[in-house]
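Subject: Structure handover

Dear colleague,

I am passing on the structure we spoke about, and my notes on what was found follow directly beneath it. Please read them with the model open beside you.

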Amino acid sequence: MKITLGGVAAPGSSRLNKTGGWRVFYPEFLHIRCTDCGLCQKLCPEGCIFKADKKNFYADLEYCKGCGICAEECPVHDIEMRPEVR
Amino acid sequence: MYQIGVSQPYNNNLFAPGHTACAGCGQSLAARLVLNALGPNVIVANATGCLEVFSSNFPQSSWEVPWIHSLFENTPAVASGIEAALKALGREDEAIVVAQGGDGGFADIGFGALSGAIERGHNILFIVYDNEAYMNTGVQRSGLTPFDASTTTSPAGGCSFGNPTDKKPVAQIVAAHGAPYVAVTSVGYYRDLERKVQKAAGIKGPKFLQIHVPCPLGWGHDTSLTIKIARLAVQTGLYPLFEMENGEITSVVKITPKPRPVEDYLKPQARFRHLFKPGAEEELKKIQAIADENIRRYKLYEG
């Protein structure tokens with residue numbers, strides 16, 4: 001590994017480190033009762049929940065660590081945590 | 001080197017994923033909310049601590065803004081230098097200077113430098129992520145560890161109920177320096193957090209924000225409960241959220257509909273597990289008394 005002068009790193013380069021492998025449970029977005037509140041997107045510690053369309057959120061499983069905050073905080077329980085199958 | 005920074009920020013966040021924070025980390029969430037509220041024109045000086053370690057695994061960085069890591073004890077001094085340099089260049093309006101760190105880095109080890117920087121009146125936003133212990137090195141007690149919390153240096157056992165002292169009132173100490181804006185907020189109240197960050201950014205002079213961030217590893221709760229625990233701390237009265245402008249409390253977050261018993265907050269956390277064994281009833285009463293005193297002092301609930 002080449003050490004740069006001053007230990008400078010490129011902005012946002014931690015994206016190279018895919019943390020999805022940490023996951024034990026993954027969030028299943030049911031898309032049944034979603035009210036489009038966006039709380040899952042707001043409260044995801046990784047910031048890896050995307051909005052594809054109206055009432056259509058999904059998690060980027062390359063980074064999702066499976067903490068379960070989105071499922072816990074969803075006011076209409078439209079997200080379920082399911083055991084990861086590899 | 002991989003030039004990922006030239007592309008668009010990931011999901012419009014200024015704090016990129018791929019960092020090595022634990023699942024359910026309250027601090028990584030708070031850091032992202034703070035940066036997104038501030039926008040891209042910030043320069044961050046970051047103390048040693050969890051936030052620095054998990055976000056900057058060389059040669060990678062999670063930050064999409066200029067960011068510098070300093071030592072544990074001198075972050076406010078480094079930020080002071082950045083602010084003075086901007087001033088000398090006549091570019092002080094171009095960026096918000098942020099000095100941030102954990103409760104250890106700001107309330108304990110770096111407290112002298114923080115006091116000095118506020119006294120000198122630098123135009124800096126100081127942010128303390130209060131996870132109530134030195135989590136990075138393995139949960140040692142800090143000045144902001146709450147009463148009766150079990151940590152590795154204040155273990156609960158036959159002769160002890162955990163940390164014997166109450167939280168240090170850092171916000172009030174900073175306000176006593178004459179800082180124009182001091183606020184306490186919580187990651188469980190993200191709208192309050194964003195409002196206070198944006199309000200602080202618009203004020204000239206030293207600003208101080210203390211953010212309550214649950215730590216699933218150190219507090220011993222389920223990773224999914226981070227936000228719930230943060231809200232319960234406020235709803236029980238153990239973590240009052242308030243704003244102080246020029247030394248006076250100008251607003252508080254009221255408890256609605258009514259205060260919860262402290263047991264609701266303590267029970268899901270392993271660091272308070274010893275309080276639910278026989279013989280600890282008196283200790284629970286003491287913690288309830290702390291909450292009641294907070295509710296009375298900050299007028300959190302009138303009923």
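How many salt bridges does the rule find across the interface of chain B and chain A? There are 4 of them, and I should say at once that this is a predicted model, so that everything below is computed from predicted coordinates. In one salt bridge, the side chain of Glu73(A) meets that of Arg231(B), with 3.0 Å from N to O. On the side of chain B that touches chain A, the elements giving two or more residues are helix 1 (26-38), helix 7 (190-201) and helix 9 (226-235) of chain B, and residue 231, the partner of Glu73(A) in the salt bridge, belongs to chain B as well. Sorted by class, this side of chain B has 19 nonpolar, 16 polar and 5 charged residues.

As for the extent of the interface, 40 residues of chain B and 36 residues of chain A take part in the contact. The two chains bury about 3,400 Å² between them, and 58% of that area lies on carbon and sulfur atoms. Polar contact across the interface of chain B and chain A is found for 23 residue pairs, counting those in which both residues are at pLDDT 80 or more.

I then turned to the pockets. The largest pocket holds about 500 Å³ of space, and 29 residues line it, of which Asp166(B), Lys167(B), Leu238(B), Pro240(B) and Asn294(B) are the closest to its centre. Four elements of chain B, namely helix 6 (170-176), strand 8 (207-212), helix 10 (262-266) and helix 11 (281-297), each supply at least two residues of this lining, with helix 11 of chain B giving the largest share, 6 residues. By class, the lining of the largest pocket is made up of 19 nonpolar, 4 polar and 6 charged residues.

The second largest pocket encloses about 360 Å³ of space. Which residues lie closest to the centre of the second largest pocket? Of the 18 that line it, they are Gly7(A), Val8(A) and Ala9(A) together with Trp67(B) and Ile68(B), so named from both chains. Strand 2 (residues 67-69) of chain B provides the largest share of this lining, 3 residues, and the lining as a whole divides into 10 nonpolar, 6 polar and 2 charged residues.

With best wishes

Note on methods. Residues are numbered from 1 along each chain as its sequence is written. Chains are lettered from A and ligands numbered from 1 in the order in which they are written. This is a predicted model: local features need pLDDT of at least 70, side-chain atom pairs count only at pLDDT 80 or more; totals for chains, interfaces and linings use all residues. Side-chain values use heavy atoms; hydrogens and water are left out. Contact means heavy atoms within 4.5 Å. Buried area is the accessible area (1.4 Å probe) that two parts lose on being put together, summed over both. A polar contact is a pair of N or O atoms within 3.5 Å; within protein, one must be able to donate a hydrogen and the other to accept it, and residues adjacent in sequence count only if both atoms are side-chain atoms. Ala, Val, Leu, Ile, Met, Phe, Trp, Tyr, Cys and Pro count as nonpolar, Asp, Glu, Lys and Arg as charged, and the others, Gly among them, as polar. On a 1 Å grid over the protein atoms alone, a cavity is a set of points where a 1.4 Å probe fits but cannot get out, and a pocket is an open set with protein on both sides within 12 Å along at least five of seven lines; lining residues have an atom within 4 Å of a point. Grid points are joined across faces, edges and corners, and a volume is the space filled by probe spheres set on the points.
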